[in-house]
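User: I would like to go through this model and ask, for each term used, what justifies it.

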Amino acid sequence: MSRRGLLLILSSPSGAGKSTLAKRLMAWDPSLRFSVSATTRAPRAGEVDGRDYFFKSRSEFEDMVAAGQMLEHAEVFGNFYGSPRGPVEAAMSDGRDTLFDIDWQGGQQIRNSALGRDVVSVFILPPSIAELERRLRGRGQDSDAVIAGRMAKSQAEISHWAEYDYVLVNDDLEATFARLVTVVEAERSRRDRQPDLAEFVRGLNQEFEAR
Ligand code: ADP
Ligand code: 5GP
């Protein structure tokens, strides 16, 4: 049976674990399409252009926005980030789900767009602010100044928790991941995401009548 693709949006303050959860979800179901964002920020060590992000200059990014190629875009921590529209529309028309790792501004824009009814949004909270800072430091990829900037923005990001369909406190990673999988499986089973159901039940009825 075919299924209407859903747009799974993960947001959290930086360091709460959404990239880790997103990667696990992709490994759990390789049919999920990860929305690779465009960004004007510099690549971190180990990041690959086209896999983690499309790394763009400011003017390249502005051209994409002007050409209507972004489903949403926002300024985060002084850089621009945006979700290219094309791959999302292609996944939707194939009945595939798309996973977004974007901030609350992007979540709000997609929720308010024509694709809003296909959105399932999940907000990830850290178990504490001390642990959030430990995770940011433990990731070992950002300078003290960048970490301080991200911590300063965390409170504002967290203030948007109530705009999300689901909220998970990422204490134990395994337990949080298991709950995320439960959310995805439940949302995939929604009646309105299964356009072939009426036809399927018609088939069941024909089987009844043939008995
Ligand atoms: P985000 O994408 O939200 O900025 P990351 O997924 O990069 O955060 O996670 C930040 C750091 O915290 C990483 O080093 C990651 O391995 C670690 N981490 C993620 N989830 C947990 C967890 N539940 N318990 C302990 N460490 C975690
Ligand atoms: P980072 O620089 O740590 O990869 O990401 C910083 C923040 O930008 C994270 O909160 C991340 O979710 C957000 N982000 C990444 N890509 C996009 C995007 O395409 N659009 C929006 N609105 N936010 C994004």
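The turns below take the two ligands and the sheet in order.

User: What kind of model is this?

Analyst: This is a predicted model, and the values that follow are computed from it.

User: What makes the approach of S19 to ligand 1 a polar contact?

Analyst: An N or O atom in the side chain of S19 is 2.5 Å from an oxygen atom of ligand 1, and a polar contact requires a pair of N or O atoms within 3.5 Å, so the pair qualifies. The backbone also takes part, since an N or O atom of the K18 backbone lies 2.9 Å from an oxygen atom of the ligand, and a polar backbone atom of D171 is 2.9 Å from a nitrogen atom of ligand 1. Taken alone, ligand 1 exposes 560 Å², of which the protein buries 76%.

User: Which helices supply the shell around ligand 1, and which of the elements gives the most?

Analyst: Both α1 (18-28) and α5 (129-139) supply at least two residues each, and α1 gives the most, with 3 residues. The shell as a whole holds 15 residues, of which G15, S19, T20, R139 and N170 come nearest, and by class it divides into 3 nonpolar, 7 polar and 5 charged.

User: Why are β2 and β9 called edge strands?

Analyst: The open sheet has 5 strands in the order β2-β7-β1-β8-β9, with parallel pairing. In that sheet β2 (33-34) and β9 (166-169) each pair on one side only, and they are the edge strands.

User: How do you know that β2 and β7 pair?

Analyst: Pairing requires at least two bridges between two strands, and 2 bridges join β2 to β7 (residues 98-101), so the requirement is met, with the strands running parallel. One of the residues involved is R33, whose bridge partner in β7 is T98.

User: What makes the approaches of S37, E72 and Y81 to ligand 2 polar contacts?

Analyst: Polar side-chain atoms of S37 and Y81 lie 2.7 Å and 2.5 Å, respectively, from an oxygen atom of ligand 2, while a polar side-chain atom of E72 lies 2.7 Å from a nitrogen atom of that ligand. Each distance falls within the 3.5 Å limit, so each pair counts as a polar contact. Taken alone, ligand 2 exposes 510 Å², and the protein buries 95% of that.

User: Which strands supply the shell around ligand 2, and what classes of residue does the shell contain?

Analyst: Strands β5 (70-76) and β6 (79-84) each supply at least two residues of the shell, which by class has 6 nonpolar, 4 polar and 7 charged residues.

Technical notes. Residues numbered from 1 in each chain as written. Chains lettered and ligands numbered in written order. Predicted model: local features only at pLDDT ≥ 70, side-chain atom pairs only at ≥ 80, totals over all residues. Heavy atoms only, no water. Near = heavy atom within 4 Å. Polar contact = N/O pair within 3.5 Å; in protein donor to acceptor, adjacent residues only side chain to side chain. Areas by Shrake-Rupley, 256 points an atom, 1.4 Å probe, with all protein chains shown as cover. Helix = DSSP H or I, 4+ residues; strand = E, 2+ residues; numbered from the N terminus. Nonpolar A, V, L, I, M, F, W, Y, C, P; charged D, E, K, R; others polar.
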